[in-house]
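Visitor: I am new to this structure and would like a close look at a single part of it. Could you take me through the charged pairs and what surrounds them, step by step?

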Amino acid sequence: VTPPVEIAAEAAPPASPPLRLSEDRLRRLQRAAGRARVLGVAGLSASTLLILGLLVADAAMSSALSQGTVVLMLFVACLLIAGSSQMYGYGKNVRAFLADGEPFLLRAFQNLRRLWILWIGTSVATALASIVLTLKRLRP
Amino acid sequence: MPLDTNPFAPPRTVELEPPVSAADIEPIVSERSLRELARQAPLLRGAAMMAGLALAVDTVSTILQVGLAKTATESGPRIVSFAVGLPISLFFIFLARGGARHCRRLARGDRAAVEPILDMHGRYFAASGVLALIGIAVAVCAVVVGLVAARSPVAPT
């Protein structure tokens with residue numbers, strides 16, 4: 001009589017071997033992570049400058065900026081902050097993966113997923129802004 | 001063999017498991033990471049579609065605005081911004097479409113698709129870096145032009 005443990009082992013699909021990345025691929029991953037970290041820091045700095053510039057311009061022109069402009073600039077700054085933090089997170093998690101292994105690569109890929117969602121949102125916002133601006137120009 | 005050690009003593013834990021150094025850790029991609037990558041296929045496809053939609057809207061908007069413009073100074077900046085934005089948008093659309101295709105391959109069980117996906121990530125960050133540099137250059141130029149225009153004497157009417 002075959003023990004049930006062995007039956008279960010036979011029924012299970014064969015486990016696929018673990019995926020090892022080649023040296024060249026690891027080097028490329030490291031380079032991509034470095035770029036992502038730099039972009040993240042640059043984006044966060046740019047968004048901070050954008051918000052500061054907006055505050056200074058608003059104060060200098062005694063709140064002459066239109067409400068629409070302020071809302072648009074703040075929206076762009078928020079997008080920049082969100083995208084930059086995800087890029088920085090990707091870079092940081094890939095670096096941690098190269099030092100300590102998983103689950104840091106999983107976290108890096110989750111950062112990328114949020115980045116793709118932001119990309120979709122940005123594209124939709126760009127298309128809508130373009131439509132609104134064109135309609136404004138077309139209006140007599 | 002030193003005389004103060006017992007040859008019949010069982011091995012100690014430290015002898016069985018030597019300390020792990022960073023060089024010993026093999027960067028093995030886990031199954032969960034692979035599944036996460038495979039799940040990104042619809043998102044990348046959606047990103048490519050939405051970027052394509054934004055480009056189409058921008059094209060129509062540019063044609064309308066150039067058609068309505070009365071002088072070349074009105075239509076010039078619009079044409080230049082469209083000409084600069086077109087190759088950048090097309091590049092990102094092709095990148096996202098390629099990434100989505102490889103993610104679908106991975107979802108079907110083709111593990112060889114992981115390497116092109118990682119390459120796509122690298123190209124995405126490289127292109128974003130170039131884009132950021134262009135953005136910084138445009139912003140600096142705009143500030144310089146604004147300062148020069150503010151300092152120049154007003155032309156007599």
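Guide: What follows is a walk through some of the salt bridges, and then through a few residues in other places.

Please keep in mind that this is a predicted model. Over all chains, the structure holds eight salt bridges, and a good place to begin is Asp119(B), which forms one of them with Arg25(A), where the closest N and O atoms are 2.6 Å apart. This pair crosses between chains, since Asp119(B) sits in helix H5 of chain B while Arg25(A) belongs to helix H2 of chain A, residues 23-60. Both Asp119(B) and Arg25(A) are buried.

Asp119(B) also forms a salt bridge with Arg28(A), and here the closest N and O atoms are 3.0 Å apart. Because Asp119(B) lies in helix H5 of chain B and Arg28(A) in helix H2 of chain A, this pair too joins two chains. Asp119(B) has a relative accessible area of 18%, and it counts as buried because that value falls under 20%. Arg28(A), by contrast, is partly exposed, with 36% relative accessibility.

Another salt bridge brings together the side chains of Arg111(B) and Glu31(B), at 2.2 Å from N to O. This one links distant parts of the chain, for Arg111(B) is in the loop between H4 and H5 of chain B and Glu31(B) is in helix H2 of chain B, residues 31-39, with their positions 80 residues apart. Arg111(B) is partly exposed at a relative accessible area of 22%, and Glu31(B) is partly exposed as well, at 38%. Returning to the pairs that cross between chains, salt bridges with shared partners join Asp24(A), Arg25(A), Arg28(A), Glu115(B) and Asp119(B) into one network.

Helix H5 of chain B, residues 114-151, also holds Met120(B), which is buried with a relative accessible area of 3%. Leaving aside neighbours within four places in sequence, Met120(B) is in contact with Trp116(A), and also with Leu44(B), Leu95(B), Ala96(B) and Gly99(B).

Charge also appears on the surface, where Arg45(B), Arg97(B), Arg101(B), Arg104(B) and Arg108(B) gather in a patch of positive charge. The largest share of that patch, three residues, comes from H4(B). Arg97(B), which is placed in helix H4 of chain B, counts as exposed at 53% relative accessibility.

Technical notes: Residues numbered from 1 in each chain as written. Chains lettered and ligands numbered in written order. Predicted model: local features only at pLDDT ≥ 70, side-chain atom pairs only at ≥ 80, totals over all residues. Heavy atoms only, no water. Patch = residues over 30% accessible without salt bridge, like charges linked within 9 Å, V, L, I, M, F, W, Y side chains within 5 Å. Areas by Shrake-Rupley, 256 points an atom, 1.4 Å probe, with all protein chains shown as cover. Salt bridge = Lys/Arg side-chain N within 4 Å of Asp/Glu carboxyl O. Lys, Arg positive; Asp, Glu negative; His and termini not counted. Charge placed at Lys NZ, Arg CZ, Asp CG, Glu CD. Helix = DSSP H or I, 4+ residues; strand = E, 2+ residues; numbered from the N terminus. Buried < 20%, exposed > 50% of the residue type's maximum accessible area, 1.4 Å probe, protein only. Contact = heavy atoms within 4.5 Å.
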